[in-house]
Amino acid sequence: MKTPLENQLDKLARLICKVVYCIAGTLLVTLVGKFLIFQEYIGMDWMDITQQLLMYVMLCASIIICGIPEGLPMSVSLALSYASRKMLRDNNLIRKMKACETIGAAQVLCTDKTSTLTQGKMSVVHTSGPKNGLRILKSDQTAIINNICINSTASLDQKGNTVGNPTEGALLRYALNTGIMYEDIRQGMKIINQVPFNSESKYMSTKVKMNGNKTVTYYKGAPEVIAQLCELKKLLGVEEQQKKGRRAISFASRTIITKDDQITDTGIQYNGSCFIEDPIRPDVPAAVKDCYSAGIDVVMMTGDNITTATEIARQAGFDRTNIQGNVKDPIWAIEAKDFNDYAWGDPHCGYPNVIARCKPEDKLSIEKEFMRLGYVVAMTGDGVNDAPSLNHANVGLAMGSGTSVAKEASDIVLLDDSFPSIVKGVKYGRSLYKNIQSFLYFQLVVNVACCLTALVGPFLGIEIPFTIMQLLFINLVMDTLASLALATSGADDSVMKEKPRDPKEFIITKKLGRSILTVGGIFFAIMVTMILDMKYKFIPGIELNLSELFAFFMILVWMNLFNARVLGKGRSIFDGLFSNRVFVFISVLILICTICIVQFGGEAFRTEPLSLTTWGVLFLLASPVIIVPEVIKLIKKK
């Protein structure tokens, strides 16, 4: 699947090729027709005729060289590479280079809760018993502690860190705080059967043989499931804790005693619940707000109960009214099983921004629906089952603490599992796209001016205004170095105040297109004026030649490089100029190369040395390229 940027560049390449080949073909037909119709070949031998026709072909070839932006692939590659290196410093490990830009086009960010929005520091902060939802009897507490220690696949290392499921690790730490060593309890039990937790059943059970003729089956899981197993309508005290954003884990047990051929079965008895709190990361609300300011909606997908999920979303600052238009409710939470029951895309109701009881397979279904509606989707995940959704998303973000399978399926790995790191990635992605547009502006202004000058030159008395060597220097040296200079522009905070770009919008926007045609047209008009002056000498005090024509054009292009650096940012060319040493170094290098080519190029480049005074005059004549835009920006600010 191609990224939005790849689709845009393919479209641009096809358009440029069509335009350039049409211009070159039209010019060739016109020149050859003029040569034959006006019988310009009369008095010429076959060698001269052949030479003249070859000159026409070379002229058309020069237009093709001018028109096709050879530096564009290098510019895109350099920009992606530079952004990848910068994003790594902000804990975004780029696995697929195209993701650098794609994440900047994201419109919907589907995120997990644990360790992304929250700190991943789970702890039991409250318990409730079966009698009144408040007090736990000693017998029930013993059953809960045994359940925690035995009915688990996790363990703790020497530093107290969890090895295994984080929720089970929090429960084990709670048991340790009560003075119980879970290893001692496990050693005294013989496990008969164990049913691991899964997202379908939402509970785990372990059957153990106790001393004597007693067997106990321990159950733990979602409150609604445990309530159903115990044949209870609801568990007292649970809902109140869930409204505080705490995850509820409920416990039950069943004891069977065999004595003298008599079997005593207690049935499944509810023992109580533990409530686990995982605090919101302090920087998440601000990061979520930044997403809304940038026009990106955040959708939380979690396996938690809908009440808990809603409270976590509230603490994280979720507010879909800022992003979904006419909707009134800040948070719309549903369970994943109800996903297909709503009218998605309805502007009056929008779409849910909290999806509870969400299994990994649900992520893929929800993601496909968003993409079907035309959204660019970024998806987070960490488990093996998340791999399909990570691979299918426009950009998949795996957690650094996740499984190897999830990381392999992803485009970006978040080394710190942090939501704010995603926001930083969006900023780099958008800035990268701006840098590519800046290069396109710079490149196409050169191409427009060159093509038009080469096109009208023969009709103004100069059959080849720029030689093939000069054009190669402009296209290969200037554009290559310029692409490197513009690719190193850093991330700009201002891009986070803009809305996500339309993935279907052409990379050359109307505003950018007008700028290219306007500036390119001005450069062309200046070049035509100079060519006409070379023939008719109507500008007093100036004696122009082809070397000065080439040097002046290069100075115009060089000065416009500084305008390209701040294109669309409303900033002065001097803002942050010297903070980007690479740009300063390359711009100086370009100027030195230009002077050397003019001064020492000789017959190879059809140039001759210019005096220091002449260089000064050329720079002075070209200075409005910088002065005029700066004055316009100053007037707009005031």
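**Exercises on aromatic pairs, cores and a surface patch**

The structure, which is a predicted model, holds 12 aromatic pairs.

**Exercise 1.** Work out which kind of aromatic pair Phe370 and Tyr375 form, and decide for each residue whether it is buried, partly exposed or exposed.

*Solution.* Begin with the geometry: the ring centres of Phe370 and Tyr375 lie 6.0 Å apart, and their planes meet at 80°. Planes over 60 degrees apart count as edge-to-face, so the pair of Phe370 and Tyr375 is edge-to-face. Next, take the accessibility of each partner, for which buried means under 20% relative accessible area. Phe370 has 1% relative accessibility and therefore counts as buried, whereas Tyr375, at 26%, counts as partly exposed.

**Exercise 2.** Describe the pair made by Trp615 and Phe619, and place the two residues in their helix and in their ring cluster.

*Solution.* The centre-to-centre distance between the rings of Trp615 and Phe619 is 6.5 Å and the angle between the planes is 40°, a tilted arrangement. Both residues belong to helix H21 (residues 612–622), and because they are 4 residues apart in this helix, about one helical turn separates them. As for accessibility, Trp615 is buried, with a relative accessible area of 8%, while Phe619 is partly exposed, at 21%. Finally, following the ring pairs shows that Trp615 and Phe619 are linked with Trp558, Phe562 and Phe583 into a cluster.

**Exercise 3.** Identify the residues that touch the most other members of the largest nonpolar core, and find the helix that gives the most to this core.

*Solution.* The largest nonpolar core has 130 residues, and those touching the most other members are Phe318, Ile412, Phe419, Ile507, Ile508 and Phe553. The greatest contribution to this core comes from helix H15 (residues 419–456), which supplies 19 residues. Apart from this core lies another one, of 26 residues, including Met122, Ile136, Leu156 and Leu171. To see the surroundings of one member of the largest core, consider Phe553: once its neighbours within four places in sequence are set aside, Phe553 is in contact with Val446, Ala449, Cys450, Phe466, Ile474 and Met527.

**Exercise 4.** Name the residues that make the nonpolar surface patch of about 290 Å², and examine the position of Leu472.

*Solution.* The patch is made by Met469, Leu472, Leu476 and Val477. Of these, Leu472 is found in helix H16, which covers residues 468–487. The relative accessible area of Leu472 is 32%, so this residue is partly exposed, and the value agrees with the requirement that patch residues have over 30% relative accessible area.

Conventions:
Residues are numbered from 1 along each chain as its sequence is written. This is a predicted model: local features need pLDDT of at least 70, side-chain atom pairs count only at pLDDT 80 or more; totals for chains, interfaces and linings use all residues. Side-chain values use heavy atoms; hydrogens and water are left out. Patches are made of residues with over 30% relative accessible area and no salt bridge: like charges are joined within 9 Å, nonpolar side chains (Val, Leu, Ile, Met, Phe, Trp, Tyr) within 5 Å. Accessible areas come from the Shrake-Rupley method with a 1.4 Å probe; for residues, only the protein chains shown count as cover. A salt bridge is a side-chain nitrogen of Lys or Arg within 4 Å of a carboxyl oxygen of Asp or Glu. Buried means under 20% relative accessible area, exposed over 50%, partly exposed in between (1.4 Å probe, protein chains only). A nonpolar core is a set of buried Ala, Val, Leu, Ile, Met, Phe, Trp, Tyr and Cys residues joined through side-chain atoms within 4.5 Å. Contact means heavy atoms within 4.5 Å. Rings of Phe, Tyr and Trp (its six-membered ring) pair if their centres lie within 6.5 Å; planes under 30 degrees apart count as stacked, over 60 as edge-to-face and the rest as tilted.
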